[in-house]
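The questions below concern how the copies in a model are arranged, what lines its interior space, and where its backbone is unusual. Please look at the sequence and structure first.

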There are 2 protein chains.
Amino acid sequence: MGTASALPTTCRYPSAQVLDVRGRLFLLDCGEAAQINLRRQKISFLKISDICISHIHGDHCFGLFGLLSTMAMLGRTGCLNIYGPRALGPILDFFKSTFGEGLRYEIHHVVTTMKEPQVVFSTKNIELLSFPLNHRIECCGYLIREKVPQLNVRKEAIERYGLGVAEIASIKRGEEVLRGGLPINDEVAYQPYVPRSYAYCSDTAPFPELASWVQGVSLLYHEATFPVEMADLARTTFHSTTADAARCALEARAERLLIGHYSSRFPDVSAFQEEARTIFPETYLTHEGDIYEVPLVKME
Amino acid sequence: MGTASALPTTCRYPSAQVLDVRGRLFLLDCGEAAQINLRRQKISFLKISDICISHIHGDHCFGLFGLLSTMAMLGRTGCLNIYGPRALGPILDFFKSTFGEGLRYEIHHVVTTMKEPQVVFSTKNIELLSFPLNHRIECCGYLIREKVPQLNVRKEAIERYGLGVAEIASIKRGEEVLRGGLPINDEVAYQPYVPRSYAYCSDTAPFPELASWVQGVSLLYHEATFPVEMADLARTTFHSTTADAARCALEARAERLLIGHYSSRFPDVSAFQEEARTIFPETYLTHEGDIYEVPLVKME
């Protein structure tokens with residue numbers, strides 16, 4: 001919902017993205033006017049259960065107060081998890097003490113540590129990790145991934161091998177089941193789908209560990225504030241160029257790369273895509289209002 | 001730039017208006033995304049010398065942090081006056097302490113008292129007054145008016161009466177000048193233009209003093225959150241109906257009335273205008289992006 005960097009333009013809003021994971025909505029950063037764009041995209045505010053804030057520069061969090069207020073006015077009662085660096089705590093406290101009248105839901109701040117990837121949220125099927133980025137102030141990225149699903153057993157194999165309930169359960173758990181002294185697991189069991197993942201890397205200078213932390217990600221969002229020719233400015237401001245983003249995607253063996261957080265100097269960013277594609281062909285530009293799907297690949 | 005009430009809609013932004021007084025720009029309230037709409041309207045951020053905040057409900061001030069940050073990034077050094085209730089102080093302090101790194105301009109908070117109209121800013125030609133409104137929390141309206149201009153002396157009269165420099169100055173100051181024992185002031189002096197004024201009355205239930213405080217205003221903005229049929233809700237929420245706004249304009253002998261701050265229940269507000277016009281025919285709806293002019297009426 002927002003592809004601008006520090007200065008919004010007439011057609012670019014500050015950073016904000018919504019990730020729909022099986023109907024559970026994660027808001028990734030919350031730049032100014034996020035609530036207005038959520039409404040434009042017809043996204044239900046109340047379905048947002050989790051907000052992930054990368055850092056407390058204004059273009060990544062100035063939309064929080066408005067969104068949290070509107071959630072209160074719409075009658076929200078369900079707890080809202082807000083992940084983010086320690087410095088986010090006083091901001092949420094200030095919001096609650098100054099604008100929190102009528103707030104009938106709990107705001108739960110989960111502090112992201114700044115050492116290495118950590119699981120900050122987990123359900124049976126998905127998990128959310130935060131990891132440190134390399135910016136001027138404490139800043140973290142997020143990785144949301146489906147867990148490896150339980151194995152399925154092929155229906156025809158159940159009959160063929162006369163598998164009972166206990167044996168089926170064993171196979172689903174990955175335990176060896178034998179016939180004629182040989183394991184039949186590979187033949188009868190299959191992974192129902194390939195787990196998908198999304199990584200959000202906002203505002204970072206490149207650093208060696210990042211690619212390993214998002215290794216094999218299905219869809220990588222990586223900021224590309226500047227074109228290659230402005231690499232020096234990228235370094236001094238702790239940002240990335242198109243090439244930095246593309247190299248990260250390449251090293252991480254990502255399936256696809258999205259770039260954004262464009263410097264306001266560039267109304268037209270088509271050259272950004274071209275630059276990145278010379279290194280990582282599966283690069284795509286983000287635009288306000290666009291929707292990107294990570295298709296589910298079923299195995300049977 | 002914003003005609004929404006508490007909940008923004010897909011096409012209405014929270015409250016924000018810009019008043020251009022002879023090239024000096026006053027921002028009246030600063031709802032979320034005000035900086036984005038300023039940019040869309042091609043209004044220079046640096047020409048804004050004064051921001052008038054009516055009260056600290058989010059829909060009137062959540063755009064401040066973004067705007068103040070952007071002004072800093074654009075290199076502002078000139079002092080910025082922000083008028084508003086006492087409760088605005090801690091918000092500005094929090095901004096400065098948490099997001100104020102790189103701020104190279106002074107933010108001067110002028111506290112508006114909540115008793116009666118007071119001049120909060122004055123130059124040779126204009127003055128800005130604040131006055132209390134009747135809302136759930138401390139809230140004030142603003143009146144910006146041109147001062148009564150110095151009198152001009154008709155050129156042909158100077159020759160006819162042989163007026164010297166001292167006499168001309170006397171006439172301009174309004175002092176009597178005689179010829180044949182009779183004052184000639186009415187014949188030789190004239191007011192060069194009719195002073196114009198604009199009043200901003202955001203978020204208020206009607207109350208008796210208001211019309212007298214904005215008496216004779218050229219252009220009155222008065223909130224009209226609800227239609228007449230919802231007068232009960234207007235009372236309990238300390239807001240106004242279309243009829244309340246129109247009656248205020250009528251009693252104040254305003255030249256024209258603008259209404260806004262529409263409840264999100266009403267995507268179409270054409271009926272609001274019709275209702276108000278039954279009481280005050282010179283009523284006009286506000287819309288995002290519209291420009292309203294108060295023409296200068298010259299006397300000679």
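Q: Into how many nonpolar, polar and charged residues does the lining of the largest cavity divide?
A: In this predicted model, a search of the whole structure finds one cavity of 30 Å³ or more, and the volume of the largest cavity is about 100 Å³. Its lining is made up of A:Cys61, A:Phe62, A:Phe65, A:Ile91, A:Phe99, B:Cys61, B:Phe62, B:Phe65, B:Ile91 and B:Phe99. Cys, Phe and Ile count as nonpolar, and the lining accordingly divides into 10 nonpolar, no polar and no charged residues.

Q: Which helices each supply at least two residues of the lining of the largest cavity?
A: Residues of chain A and of chain B line this cavity, including A:Ile91 and A:Phe99 as well as B:Ile91 and B:Phe99. The elements that each supply at least two lining residues are helix 4 (88-99) of chain A and helix 4 (88-99) of chain B.

Q: By what turn can chain A be laid on chain B?
A: The superposition has an RMSD of 0.1 Å and a shift of 0.0 Å along the axis. The turn is 180 degrees. The two copies are thus related as by a two-fold rotation axis.

Q: Which residue of chain A comes closest to the rotation axis?
A: The residue in question lies in the loop between strand 2 (24-30) and helix 1 (34-40) of chain A, and its phi is positive, about 80 degrees, although it is not a glycine. Its relative accessible area of 0% makes it buried, the cut-off being under 20%. With its C-alpha at 2.8 Å from the axis, this residue is A:Ala33.

Methods:
Residues are numbered from 1 along each chain as its sequence is written. Chains are lettered from A and ligands numbered from 1 in the order in which they are written. This is a predicted model: local features need pLDDT of at least 70, side-chain atom pairs count only at pLDDT 80 or more; totals for chains, interfaces and linings use all residues. Side-chain values use heavy atoms; hydrogens and water are left out. Copies are superposed by least squares on the C-alpha atoms of residues with pLDDT of at least 70 in both. On a 1 Å grid over the protein atoms alone, a cavity is a set of points where a 1.4 Å probe fits but cannot get out, and a pocket is an open set with protein on both sides within 12 Å along at least five of seven lines; lining residues have an atom within 4 Å of a point. Grid points are joined across faces, edges and corners, and a volume is the space filled by probe spheres set on the points. Helices (H or I, at least four residues) and strands (E, at least two) are DSSP runs, numbered from the N terminus. Buried means under 20% relative accessible area, exposed over 50%, partly exposed in between (1.4 Å probe, protein chains only).
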